Each structure stands twice: as structure tokens, then as C-alpha cells.
Amino acid sequence: MLGMVAVSVVSVLLVGCQRQEEAAEAPPRPVKTVSVSFSPEDTFGSLVGEVQPRVETNLAFRQGGEIRERDVEVGDLVEVGTVLARLDIEDSQDAVRKAEANLFAARSTFENADAVRGRQQALYPRTTSRAALDSAIAQANAARAGVDAAEAAVRVANNNLDNRVLVSNAAGVVTAVGGDVGQVVGGGQMVVRVAQLKDKDAVFQVPEAAIQSADRSMAIEASLLSNPQSRAVGAVREISPTANPVTRNFTVRVGLDAVPDDFRFGSAVRGTVQMPGAPVARLPMTALFNEGNRPAVWVVDAKTNTTRLVAVDVARFETRDFLVSKGISEGDNVVVAGVQQLRPDMPVRLLQGSAQ
């Protein structure tokens, strides 16, 4: 009986020694790793706005009157010099005739006064007095001034007649009309609004918190809501100095460059701005390991080719990746497959194709 017990003990010892030798001789475990690389975390903010013309002009007559013609409608394209509307011209024509008649009378008066002055100068000092000569000179000068005033009145009357025709001062599109045929409008009242097509802005209502961190040098990308593939890039051109009293938002105008043709006025656009944040390392979710209640990753020591578990701070979880802000260093090799099978100080071998 004692002999059988001794044989059993010897067998157990032999098996244990054999397992230790096999464990000692086990080859390093192959693992797949990625090399850690830190880069700024780009955060994106977006707002919905609309496309508006950068230059939009309200065109009006300088003087009031009745609209006799309006040659354009909303949406019409116009060029420089295109006739937009006309006022009744009868009163203006009468004003021109009156001014021309006054000019004729003033010239006649001047010619008579100038002739009297000439005669007085010829008779002085033989048969006329100095007082008579001075009076003739003064009357001639006054008549000359009357001619100048009458000529100015004719120019004003002709200008008023010309201003009864409203023409476009720039190429663009009609975006609004403020008067119809037969309507009496006042001087300066908007009759036609023309927006220039060359330059366009994307206009957004921005909350105060975003205004505080805004930088005019930031590039802003605007894309159509109806067609996100249609995009234009621009920079902040204007920030309203005061907030909207109802929404407490600020109006921000972004000047767009190389605007696609489908960026029509009034189109809804989404403005996106990219802002650099703190450096983070992007790792696949397969590299994530839990150490107690903290996230961790397995790092391969470059000198000993053994594993060590390192706790990390995760900045953000995404669908397939997570972003690490602290815990690992630039260039560390992190295991990204089979992390549940690892243990501390385990010898490993990097698989071919692992990122270094």
C-alpha cells in the first residue's frame, strides 16, 4: 500500500514538472497592435441659415409722382441701365418749359442792362455822372446773376424730368417691388429692389455663447440642406453688434467664395465650423479593456516584448472607436485584438501588419 502511494506522488511530481517545462517553453503569443498617435480633436458646430445677397439695393425715384409704367417683375434679371419704371412726366415737362421761358426772359433783361451799361460808359464823364454809371453796372451784374439762376433752374428741371425714369445701377435680379402702375409714390419710396448676383452671404443666427468663442479667421463650410453635396467655403464677414431682442441671438454674415449656381437667395444652408481641441489618440473599440471600473488598454513593452495593463482617460466614445486623452504616450504599441486573453508580463510577438 505504501508503495502505491509513493508511486502516485512521484507521478504527480513528474507531471507538474513536465507542465512547468512546457509553460516555460511556450512561444510568445502573437498579437496585433497599433502605434499611438496624438492629434488635435476637431470639434464641429453647425447652424442652419439662409443664402442672402451681399449687396441689395432699394431703388426709388428722387421725387414723387404717379407710376405710369413698371417694366420688371420679381425674379427678372436686369443689367446696368435697364429701365425699371417710369413716372408721369407732364408736370415735369411743364416745369422744363417754365424754366426755359424764365431763362429767355433773364437773358433778354441782361442784354438790355448790358447795353445800358455800355452807353453809360461811353458817355462818362462828359454827359453822365458817376452815379448813373455805377447804377447801370449794378443792374447789368444783377441781370447776369439772373441768367445764371435761370440756367441752373433749367438744369434742375431737366434733371427732374430725367429722374422720372428709374434705371438699374447694377446687374442683378429683382427681389421685390414696392409700387404698381397707377400708384402715387413719394420721393425715396422703394419701387424696385435689386440684388446683385455676384456676391452671396450665408446668414446665421448665432447664440451668445458661440459668439464669445468665435474667430473671424475660422473657415466655415456651408452646404445646402436640399443637396448636402453642394458646398461653399467662406469666412465671417460681419457680426451684428447687438442681439435680437426676442431670441437673444446675433446675426452673423459669412462671405462665401466660389458659390455654386444652386445657392439661390433664400436657400437653407447648414454652416459647419471646425475648431481644434486638445490632442487625443484614436483607438478601435477592440482595444478597450476594463480594469475594475476604469477603462484600460494593453501596451506592449518595446524592450521586453511583454504586456502591461495601462489605465486611460477616455475623451469620447464613438461607434467603432474611442478617443484617449491621457494614460498612454506617443508611439506606444497598443494591442487591438484578443485583449481578454492577455495577462500582465505575458511574452508576446507582434504580428506582421501591426501598425508601428
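What is the order of the strands in the open sheet of four strands? This is a predicted model. Select the sheet and read across: the order is β4-β11-β9-β6, with antiparallel pairing. The edges are held by β4 and β6 (77-78), each with a single partner strand, so one side of each has no neighbour in the sheet.

Next, select residues 172-177 and 190-195, which are strands β9 and β11. These two strands pair in the antiparallel sense over four bridges. Within β9, pick V173: A195 in β11 stands opposite.

Move to the edge strand β4, residues 56-60, and select N58. N58 is partly exposed, since its relative accessible area of 45% falls between the 20% and 50% cut-offs. Show its surroundings: leaving aside residues up to four places away in sequence, N58 touches M190, V192 and R193. With R193 there is also a polar contact, side chain to side chain, at 2.7 Å. Then add V177, which is 119 residues from N58 along the chain; the two C-alpha atoms are separated by 9.2 Å.

Now turn to the aromatic pairs, of which there are two. Select F289 and W298: the ring centres are 5.5 Å apart and the planes are at 65 degrees, so this pair is edge-to-face. Both residues, F289 and W298, are buried. The pair F317 and F322 is tilted, at 6.3 Å centre to centre with 35 degrees between the planes. F322 is buried, with a relative accessible area of 0%.

Finish with two charges over rings. Select R130 and Y124: R130 lies over the face of Y124, 5.5 Å from the ring centre. Then select K200 and F265: the charged end of K200 sits over the F265 ring, 5.4 Å from its centre.

Note on methods
Residues are numbered from 1 along each chain as its sequence is written. This is a predicted model: local features need pLDDT of at least 70, side-chain atom pairs count only at pLDDT 80 or more; totals for chains, interfaces and linings use all residues. Side-chain values use heavy atoms; hydrogens and water are left out. Buried means under 20% relative accessible area, exposed over 50%, partly exposed in between (1.4 Å probe, protein chains only). Contact means heavy atoms within 4.5 Å. A polar contact is a pair of N or O atoms within 3.5 Å; within protein, one must be able to donate a hydrogen and the other to accept it, and residues adjacent in sequence count only if both atoms are side-chain atoms. Two strands pair if DSSP finds at least two bridges between them. Rings of Phe, Tyr and Trp (its six-membered ring) pair if their centres lie within 6.5 Å; planes under 30 degrees apart count as stacked, over 60 as edge-to-face and the rest as tilted. A charge sits over a ring if NZ of Lys or CZ of Arg is within 6 Å of the ring centre and within 35 degrees of the ring normal.
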